[in-house]
Amino acid sequence: MSETLTLRQWLLTDEPTSRRHARLASLYKGWLTLRGNTMAMFGLGILVALVLMALFAPLIAPHDPYVQNLGNRLQPLGSPGHPFGTDSLGRDILSRLIYGSRITLYIVTLVALIAPVAGLLVGTVAGYVGGWVDVILMRVTDIFLAFPRLVLALAFVAALGAGIENAVLAISLTAWPPYARMARAETLTIRASDYISAVRLQGASPVRIITRHIWPLCISSLIVRVTLDMAGIILAAAGLGFLGLGAQPPSPEWGAMISEGRRFILDHWWVATMPGLAIFTVSLAFNLLGDGLRDVLDPKEGSQ
Amino acid sequence: MALTENTRERRVRASLAPWLKGVLVALGSVSITMLGLLFVTFVIGRVMPIDPVLAIVGERASQSTYDAVYEQLGLDKPLLVQFLYYLWDVLHGDFGMSLLNARPVSEDIARVFPATLELATLGTLIGVLLGVPLGVIAAVRRGSWIDQIARVVALVGYSMPIFWLGLMGLLVFYGVLGWVGGPGRLDIFYQDIVPSRTGMILIDSAIAGDWGVFRNAFSHIILPATLLGYYSLAYISRMTRSFMLEQMSAEYVTTARVKGMSERQVIWGHAFRNIRVQLITVIALSYANLLEGSVLTEIIFSWPGIGSYITTALLSADMNAVLGGTVVVGLIFICLNLFSDLLYRVFDPRSK
Amino acid sequence: MNALNRLLSTAVLGAAVVMTAPVPMAQAETPPNMLVIANRIDDITTLDPAESFEFAGSDVSRNVYMKLVNFDPTDLKAGYQPEIAESWTVSEDKRSITFTIREGLKFHSGNPVRAEDVEFSLRRAVILNKTPAFILTQFGFTAENVAETIKADGNTVTITTDKPYATSFVLNCLTATIGGIVDKEVVMANEQDGDMGNTWLKTNTAGSGAYSLVSWKPNESVTIQSNPDYYRGAPAMERVIVRHVQESASQRLLLERGDIDIARNLNPEDIAGVRSAEGVKVEEELKGRLMYVSLSQKHPELSKPQVRQAFKYLIDYEGMKNSFLSGQYTIHQNFLPQTYLGASDAAPFTYDVEKAKALLAEAGIPEGMEIEVGVREAQERIEIAQSLQNALGQVGIKMNITIGTAKQILGRYRARELDVYLGAWGPDYPDPHTNAGTFAYNPDNSDAAQATGLLAWRNSWDTGGLTEKTAAAVIENDRDIRAKMYDEIQAEFRETSPFVIMFQQIEQSAQRDNVMNFSTGQAITSASYWQVTK
């Protein structure tokens with residue numbers, strides 16, 4: 001007890017003893033603020049549950065998500081053994097939803113790794129180097145921004161062929177420009193600061209300045225933005241799945257499941273409703289968490 | 001007198017020159033962006049594994065039929081040459097013929113774009129009329145239950161898969177309750193009754209004074225427009241809230257309050273006045289997003305708009321149609337951006 | 001719920017009616033002289049009969065254009081009947097047919113239908129050489145020789161083929177859309193850059209049939225109106241509107257509400273639902289479309305005879321027919337659809353995983369073999385593919401499903417790139433040769449031959465001698481002998497070919513119960529409206 005108290009005190013100190021100490025302390029303070037935000041914690045809880053569900057899918061799922069039973073198709077909600085009913089090929093909808101969480105997490109994680117990093121790279125380079133490089137990079141960014149997003153993603157998937165990996169690439173392709181703009185704007189303010197001039201005078205190379213000094217300063221606003229964008233990414237992935245351009249059958253991708261179920265919407269509405277609710281829950285969780293994170297990391301709430 | 005005239009003239013000239021320069025730079029960057037947009041679309045169209053010739057002649061065509069169409073489309077020429085030919089035509093206002101329905105693409109766009117315009121405008125109206133007051137109230141009563149509700153409403157809006165919500169809306173309000181019209185813009189009996197002037201049925205029927213058609217069109221548009229409106233509401237109310245919060249903590253607000261100004265005057269007379277420009281930018285952006293054609297909404301509601309037009313064309317390799325549609329959509333997006341940029345420059349004191 | 005539903009919709013419509021005094025409309029019923037059909041018409045790319053080749057376009061053509069010979073929708077079993085041709089004679093050498101043109105027929109423009117128009121229309125189709133041109137050019141007509149081979153003389157037209165084909169074969173081909181007779185004067189008046197009126201006819205019509213075109217709005221609707229001078233008498237339905245409605249659920253709601261008379265694309269679940277609705281009936285017609293799976297013979301494993309055979313035992317014919325295909329497909333394992341000359345109903349294959357396993361073991365298939373199937377993004381096909389995937393999984397073969405638009409998948413199929421193709425084939429004209437000539441005919445199996453139109457070629461199958469038998473059957477003029485020849489070809493085809501033919505389509509059209517005599521044309525032709533009454 002006393003030990004945790006000391007740790008707590010150590011973390012809450014006003015006089016950090018090292019840089020690492022300071023960073024940990026500010027992280028901990030942030031966490032305390034976040035913990036006070038019920039809605040954000042609710043979102044975080046859902047996401048933790050989602051990750052657990054994806055990890056332990058084989059243990060949780062009552063059935064094999066791929067096993068068909070044409071004699072037992074389109075069973076209603078709450079039928080014995082199939083709490084969420086069965087789909088057109090007699091597969092258990094609950095089990096498919098549970099396995100589908102893996103696909104959703106896979107897509108979200110990859111896009112969240114690719115798009116912000118690409119945007120960060122383009123934005124900081126453009127902002128720091130300036131001149132023609134800036135003009136060209138920003139023009140390219142504008143071109144991609146001017147594209148209708150879903151159409152660009154569609155075109156990309158149509159060009160490369162349907163599938164999860166290509167869907168990830170396509171969504172990343174449409175998602176990076178806002179990050180690039182944001183990173184550029186931040187870089188412009190940071191670049192002019194005395195601190196960077198001092199580093200430059202010490203003879204640091206531009207690459208070092210960008211990676212060591214500018215990137216870390218962009219990270220926090222980037223994280224907020226990414227968390228808030230997660231929901232959009234999930235919805236875009238589901239939209240591609242809905243149009244038949246995401247994961248290929250028999251993968252239990254949620255968007256594709258809605259698309260399969262829409263044919264029976266009048267008589268067997270739950271087939272399309274359940275995956276829709278799943279998508280909604282997860283993206284809501286990301287939004288709740290992102291909203292809370294913004295309050296913590298970005299004092300000037302909501303500024304873009 | 002002469003002196004004052006002179007200074008004023010000088011002042012005008014001084015302020016005009018950077019303004020003109022700004023416009024020129026803006027025009028230049030717009031045309032470069034458009035060119036890039038066209039080129040990217042063109043390349044995507046060419047690397048797509050869909051054979052445009054096959055898309056036209058179908059699966060039973062003989063090789064000689066196939067070859068004839070291949071040459072007719074100019075596909076035997078190098079890519080760059082094809083692009084330059086295309087550019088030349090576009091600069092002359094010719095988007096080519098749609099490969100799949102034998103009509104000029106410009107005619108198609110003139111037909112489908114008003115449908116999107118009508119839907120997006122109504123959606124944005126709903127979003128603005130509900131979203132702005134909601135955002136203002138949420139900011140003024142920060143932390144109150146109404147702020148919490150506004151937050152939940154907005155977050156739910158951000159989180160809902162629109163194609164699913166659309167399906168459910170159709171099921172409930174059309175299928176079960178029968179309160180609204182079904183997919184499409186009009187019931188069959190109401191089609192082709194009023195002459196098409198603007199292509200927007202609500203306006204056309206109002207001009208013609210045919211309120212039956214108007215009501216029917218309204219019953220069809222209200223559900224998709226409300227859905228889109230909800231999304232723009234979510235965005236607009238959030239942004240309004242944060243703009244307002246920034247203003248409310250500003251010094252002049254405190255000063256005004258100290259001076260004994262009524263709360264109402266402080267909020268609407270001062271704080272809200274100051275966020276107008278920012279707000280218009282946000283609304284323009286949201287409007288631009290809806291105008292890009294909400295592909296999924298249009299598909300769910302069989303709405304013959306530009307989003308579903310481009311998508312259908314894309315999936316059937318009708319590249320002239322895709323290019324034409326993308327140019328129009330891109331142009332609108334860029335112009336609305338430019339418009340809000342200019343607005344900032346003209347009205348925002350800080351940017352001067 | 002239903003009562004409430006009806007009450008509310010009546011209330012809404014009632015309010016609408018009050019507001020719309022000048023608009024002629026009834027609440028829950030279409031006008032008695034108007035037929036409103038919901039259908040998917042996004043496949044229409046042109047209305048020119050020399051070019052039109054898709055289903056919805058053929059429906060328009062069938063009602064707008066008359067042909068030399070045609071089918072009577074009230075008696076489709078009777079086969080082709082005289083239409084513009086009053087009668088015909090066949091020459092001694094069986095290579096020439098001379099048609100006598102019926103007197104007193106008129107185009108919609110008021111021009112008389114002359115032998116010259118017939119000559120022009122057929123020559124035009126050959127010269128333009130659009131997609132369906134092969135239906136005519138297979139008789140040896142070319143742009144160079146049409147002046148000799150298709151000739152008008154007075155009120156007769158003579159066509160001369162390069163071989164003594166069965167007369168029924170030639171006449172059956174003339175009932176296809178490409179046989180539609182256009183108004184030469186009107187068409188040539190609208191010619192641009194020597195296109196023989198092709199550009200104009202894509203979006204306009206110049207026929208003599210029961211209806212003329214009012215408007216075609218792509219992906220929205222086709223409207224046609226009756227021709228009061230139609231030679232069989234003015235049709236009862238004065239206006240027919242075919243509206244594009246993509247979703248089955250929407251079509252069903254429209255039909256149940258009485259907003260449309262006929263819904264043509266209801267899925268099995270909605271058919272089941274609509275049967276219990278008041279005032280709606282469901283009519284079934286056997287169509288010509290076959291659903292099949294084919295195996296590329298370039299693939300080292302799939303080309304083994306035992307593997308070909310094993311696939312035929314890996315289709316859950318009964319299971320699929322009774323579940324998601326219920327009512328819309330019937331089991332059929334031969335390349336000639338039921339109702340065609342020479343059709344066979346032999347169906348020796350059943351779902352038998354053990355038998356398939358034994359066959360695969362005999363062939364020595366490597367454990368964990370992976371193959372790719374290409375499927376068009378149509379739900380029923382995706383489900384068939386998943387069912388097959390499931391069955392293959394049980395015998396240790398992993399099949400990856402690649403879904404694409406029709407055009408994407410087709411492109412790869414024609415380029416011989418797919419291991420397995422799952423798709424549909426519909427006959428082009430109502431003669432057995434239309435399918436025999438593509439499933440069982442492949443004179444040159446080399447890549448260089450580029451015979452992309454032949455299914456046997458696309459699957460790199462040399463047909464093992466069926467090519468010659470097919471060529472012989474098409475010039476046999478004795479009907480019974482010809483039927484027997486096809487029966488034999490199919491018996492061999494069933495056992496040896498890399499094609500697993502699974503199902504034949506049944507079209508279920510749901511109609512308001514006052515609609516009489518509507519026909520979608522069964523397996524041999526397209527929908528026609530002139531005989532419909534309400």
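## Helix packing and chain contacts in a predicted model

The crossing of α9(C) and α10(C) is right-handed, in a model that is predicted throughout. Helix α9, residues 248-257 of chain C, packs against helix α10, residues 268-275 of chain C, at an angle of about 15°, and the two axes lie 10 Å apart. The two helices are therefore roughly parallel to each other, since angles under 35 degrees count as roughly parallel. On the side of α9(C) the contact is made by C:Ser248, C:Ala249, C:Arg252, C:Leu255 and C:Glu256, and on the side of α10(C) by C:Asp270, C:Gly273 and C:Val274. Sorted by class, this contact has 3 nonpolar, 2 polar and 3 charged residues.

How much of α10(C) is buried? Of its 8 residues, 6 are buried, so α10(C) is largely enclosed by the rest of the structure. The buried residues of α10(C) are C:Pro268, C:Glu269, C:Asp270, C:Ile271, C:Gly273 and C:Val274. Of these, C:Asp270, C:Gly273 and C:Val274 also take part in the contact with α9(C). The buried residues of α10(C) pack not against α9 alone but also against the strands β12 (280-295) and β17 (499-512) of chain C.

A second helix pair, in chain B, is formed by helix α8 (residues 201-208) and α9(B), whose axes come within 9 Å and cross at roughly 165°. That angle makes α8(B) roughly antiparallel to α9(B), and the crossing of α8(B) past α9(B) is left-handed. The residues in contact are B:Ile201, B:Leu202, B:Ser205 and B:Ala206 from α8(B), together with B:Val213, B:Phe214, B:Ala217, B:Phe218 and B:Ile221 from α9(B). Divided by class, they comprise 8 nonpolar residues, 1 polar residue and no charged residue. As general background to such contact lists, an α-helix has 3.6 residues a turn, so residues three or four places apart point the same way.

Chain B as a whole has 14 helices and 0 strands, and its C-alpha trace spans about 85 × 65 × 40 Å along the principal axes. Of the 352 residues of chain B, 48% count as buried. Among the contacts in chain B between residues at least 6 apart in sequence, 71% join residues at least 24 apart.

Chain B touches both chain A and chain C, and the two sides of chain B can be set out by class of residue.

| Side of chain B | Nonpolar | Polar | Charged |
|---|---|---|---|
| Touching chain A | 26 residues | 9 residues | 3 residues |
| Touching chain C | 21 residues | 13 residues | 6 residues |

The contact between chain B and chain A takes 38 residues from chain B and 36 residues from chain A. The elements of chain B that give two or more residues to this side are α1 (2-47), α6 (145-159), α7 (162-176), α9 (211-248), α12 (295-300), α13 (306-315) and α14 (319-347). Which of them gives the most to the side that touches chain A? It is α1(B), with 7 residues. The contact between chain B and chain C takes 40 residues from chain B and 43 residues from chain C. Here α2 (52-57), α3 (63-72), α7 and α9 of chain B each supply at least two residues. The helices α7 and α9 of chain B are thus listed for the side that touches chain A and also for the side that touches chain C.

One residue of chain A gives a local view of its meeting with chain B. A:Asn287 is found in helix α12 (residues 270-297) of chain A. Is A:Asn287 buried or exposed? With 27 other C-beta atoms within 10 Å, A:Asn287 is buried, because the cut-off for a buried residue is 20 or more. Leaving aside its neighbours within four places in sequence, A:Asn287 is in contact with A:Leu228 and A:Ala231 as well as with B:Leu155, B:Tyr158 and B:Ser159. A:Gly232, 55 residues away from A:Asn287 in sequence, is 9.4 Å away in space, C-alpha to C-alpha.

Two records from UniProt, both in unreviewed entries, concern chains A and C. For chain A, UniProt lists "domain: ABC transmembrane type-1" at residues 101-290, a span that is 84% helix and 0% strand, with its end C-alpha atoms 20 Å apart. For chain C, UniProt places "domain: Solute-binding protein family" at residues 80-445, and this span is 32% helix and 23% strand, with its end C-alpha atoms 35 Å apart.

How values were computed:
Residues are numbered from 1 along each chain as its sequence is written. Chains are lettered from A and ligands numbered from 1 in the order in which they are written. This is a predicted model: local features need pLDDT of at least 70, side-chain atom pairs count only at pLDDT 80 or more; totals for chains, interfaces and linings use all residues. Helices (H or I, at least four residues) and strands (E, at least two) are DSSP runs, numbered from the N terminus. A residue is buried if 20 or more other C-beta atoms lie within 10 Å of its own, exposed if 12 or fewer, and partly exposed in between; C-beta atoms are placed from the backbone. Two residues are in contact if their C-beta atoms, placed from the backbone, lie within 7 Å. Axes are lines fitted to C-alpha atoms, for helices over the stretch in contact, and angles run from 0 to 180 degrees between N-to-C directions. Angles under 35 degrees count as roughly parallel, over 145 as roughly antiparallel, 65 to 115 as roughly perpendicular and the rest as oblique. A crossing is left-handed if the near helix is turned anticlockwise from the far one by less than a right angle, and right-handed if clockwise. Ala, Val, Leu, Ile, Met, Phe, Trp, Tyr, Cys and Pro count as nonpolar, Asp, Glu, Lys and Arg as charged, and the others, Gly among them, as polar. UniProt positions are given in the numbering used here, feature names are shortened, and annotations may be inferred rather than shown by experiment.
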